[in-house]
Amino acid sequence: KEMIALWHALARNEVDVLIGTRSSIFAPLLNMGLIVIYDENDPSHKEDQAPYYHSVTVARFRSEIEGCDVIMSSVIPSAHTYLLIKNKAVGTVILSDRNELAEIGFAGINFQDKIDIMLEREIASALEKKEKIFIFHNRKGFATFIYCKRCKKALMCERCNSNLHYDFAGKQLFCPSCNYKAAMKEICPSCNASYVKFEGLGIEKLASNLKRIFPSANIIAAKSILSLEKEANHYDVIISTSKIPHLSDFKPEVSVIWNADSLFNTGDYNAAENTYQLLASFLQHTRRKLVICTGLQRNFYVYASLNKINFHDFYESELKERRELRLPPFFHCGLISMRGFDKKVVEKASRKLYDSFKNKTRKGIQISDPSDSLRSRLRGKYYRYALIKSKNINTLNQTIRTLIKENRKSRIIITADIDPV
């Protein structure tokens with residue numbers, strides 16, 4: 001009711017300033033004079049369910065239609081915006097002093113879940129100085145891989161292809177993909193063995209490891225820093241799966257990125273850009289030192305261009321690779337997703353779609369073999385994907401519309417996401 005009331009108030013021109021989330025870009029605000037996009041590089045501006053849209057793209061189109069200005073703010077621009085800056089299609093203003101950024105340090109990765117000696121010394125030094133420490137680790141729960149020691153079979157989600165994680169606080173298993181929950185199994189469901197082993201490092205286990213090394217420190221593992229925002233300064237060390245909120249009063253002296261290498265291994269062409277933006281955000285919101293735990297070389301272009309947040313160097317290297325691989329922003333991509341409850345039906349439909357594309361002569365457009373590499377199963381449905389690329393967005397859109405129209409089938413849902421983030 002509140003949303004409907006606000007919508008009518010906007011339509012009656014009773015609102016001068018509207019502050020909203022992603023979907024508010026469609027609000028019927030009359031006499032639009034200015035659109036401000038906060039954190040324009042944030043992937044959450046892209047709607048991840050049909051109908052897919054990107055609020056920054058919608059803002060640009062709306063500004064052209066209504067003749068108003070657009071201000072986009074971010075720690076660093078997105079790749080698309082950087083290309084606009086380089087081509088002098090948009091202007092830039094740097095507001096912060098990047099000579100006063102935190103120092104950057106590096107520590108190694110121990111795949112036996114042990115704390116690297118360099119990181120241990122850094123944490124000990126900060127605790128001795130009564131400084132606050134924030135550790136970012138993108139793994140929820142205690143253990144991320146539970147398996148039987150006898151038959152070696154892992155405990156898997158009943159609805160997905162994901163390993164179940166163990167939540168120590170809740171004493172239960174959960175799926176990180178679909179949030180399925182189940183009671184902890186004391187006996188292996190495959191061979192009835194009575195010993196189930198926990199492997200993998202979640203934030204709860206990392207907190208437990210640190211408490212053994214620093215027993216007097218006040219350490220907490222929090223799924224969301226927002227839930228601790230008012231109490232954040234009461235803890236010495238906070239370990240979380242979420243980054244430090246920009247508007248929070250909490251600004252740690254030391255921030256740690258645990259296993260930064262895993263952020264690059266997502267199978268996403270945006271992985272390097274997203275990781276660089278995350279590191280730059282932490283660098284700007286840390287008082288003294290940012291420690292990156294990595295096995296990569298220190299001169300790796302993502303790390304090297306973090307010095308004073310030199311996004312020009314980063315994007316020159318990143319965009320060179322994207323141009324060679326024919327990826328956005330130089331080419332447009334359309335991700336076609338096919339899903340259904342019958343695995344064989346989904347596989348057959350994906351092959352039929354691929355064959356219907358190949359059977360016609362199409363210039364300036366490419367398609368990949370259908371696969372389930374992104375996600376094979378989620379919430380009981382089986383998935384297959386095909387990626388289509390073209391330099392011409394109109395050609396891409398028309399091709400996808402034709403393919404979907406020609407390959408509609410009962411028991412199968414087909415969707416298309418243009419330039420997925």
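Where does phenylalanine 26 lie? Select it to begin: phenylalanine 26 sits in the loop between helix 1 (2-11) and strand 1 (34-38). One thing to keep in mind as you click around is that this is a predicted model.

**Stop 1: a patch on the surface**

Keep Phe26 selected and add Met3, Leu6 and Trp7. Together, Met3, Leu6, Trp7 and Phe26 make a nonpolar patch on the surface, with about 410 Å² of accessible area. Phenylalanine 26 itself has a relative accessible area of 42%. That value falls between 20% and 50%, so the residue counts as partly exposed.

**Stop 2: the sheet of three strands**

Now select strands 6, 7 and 8. They form an open sheet in the order 6-7-8, with antiparallel pairing. Strand 6 (165-167) and strand 8 (181-183) stand at the edges; each has a single partner strand, so one side of each has no neighbour in the sheet. From one strand to the next, the twist averages 35°.

Zoom in on strand 7 (residues 172-174), which is joined to strand 8 by three bridges, the two running antiparallel. To see one pairing for yourself, pick phenylalanine 174: its bridge partner in strand 8 is lysine 181. As background, strands of a sheet pair through backbone hydrogen bonds, either parallel or antiparallel.

**Stop 3: the sheet of six strands**

Next, select strands 3, 13, 12, 4, 11 and 10. In that order they form an open sheet of six strands, and here the pairing is parallel. Which strands stand at the edges? They are strand 3 (103-107) and strand 10 (219-222), and because each has a single partner strand, one side of each is left without a neighbour in the sheet. The twist in this sheet averages 20° from one strand to the next.

Look at strand 4 (residues 133-136) beside strand 12 (residues 254-257): four bridges join them, and they run parallel. Here isoleucine 135 stands opposite valine 256 in strand 12. Now bring in helix 7 (residues 271-284), which packs on the sheet and touches strand 3, strand 4, strand 12 and strand 13 (289-293). The direction of helix 7 makes about 150° with that of strand 13.

**Stop 4: strand 13**

Select strand 13 by itself. How many of its five residues are buried? Five of the five are. Both faces are covered, with Lys289, Val291 and Cys293 buried on one side and Leu290 and Ile292 buried on the other.

Then show its partners again. Strand 3 is joined to strand 13 by five bridges, running parallel, while four bridges join strand 12 to strand 13, also parallel. Val291 is a good residue to click: glycine 105 stands opposite valine 291, and so does valine 256.

**Stop 5: a glutamine in helix 7**

Go back to helix 7 and pick glutamine 277, which lies in it. Is this glutamine buried or exposed? With a relative accessible area of 7%, glutamine 277 is below the 20% cut-off, so it is buried. Leaving aside residues up to four places away in sequence, glutamine 277 touches Asn41, Ile76, Pro77, Ser78 and Tyr315.

**Stop 6: helix 3**

For the last stop, select helix 3 (residues 79-86), where Ala79, Thr81, Tyr82, Leu83 and Ile85 are buried. What covers these residues? The cover includes helix 2 (55-66), strand 2 (69-73), helix 7 and helix 9 (311-325). Finally, step just past the end of helix 3 to lysine 88, which takes a positive phi of about 60°.

Terms used. Residues are numbered from 1 along each chain as its sequence is written. This is a predicted model: local features need pLDDT of at least 70, side-chain atom pairs count only at pLDDT 80 or more; totals for chains, interfaces and linings use all residues. Side-chain values use heavy atoms; hydrogens and water are left out. Patches are made of residues with over 30% relative accessible area and no salt bridge: like charges are joined within 9 Å, nonpolar side chains (Val, Leu, Ile, Met, Phe, Trp, Tyr) within 5 Å. Accessible areas come from the Shrake-Rupley method with a 1.4 Å probe; for residues, only the protein chains shown count as cover. A salt bridge is a side-chain nitrogen of Lys or Arg within 4 Å of a carboxyl oxygen of Asp or Glu. Buried means under 20% relative accessible area, exposed over 50%, partly exposed in between (1.4 Å probe, protein chains only). Two strands pair if DSSP finds at least two bridges between them. Axes are lines fitted to C-alpha atoms, for helices over the stretch in contact, and angles run from 0 to 180 degrees between N-to-C directions. Contact means heavy atoms within 4.5 Å.
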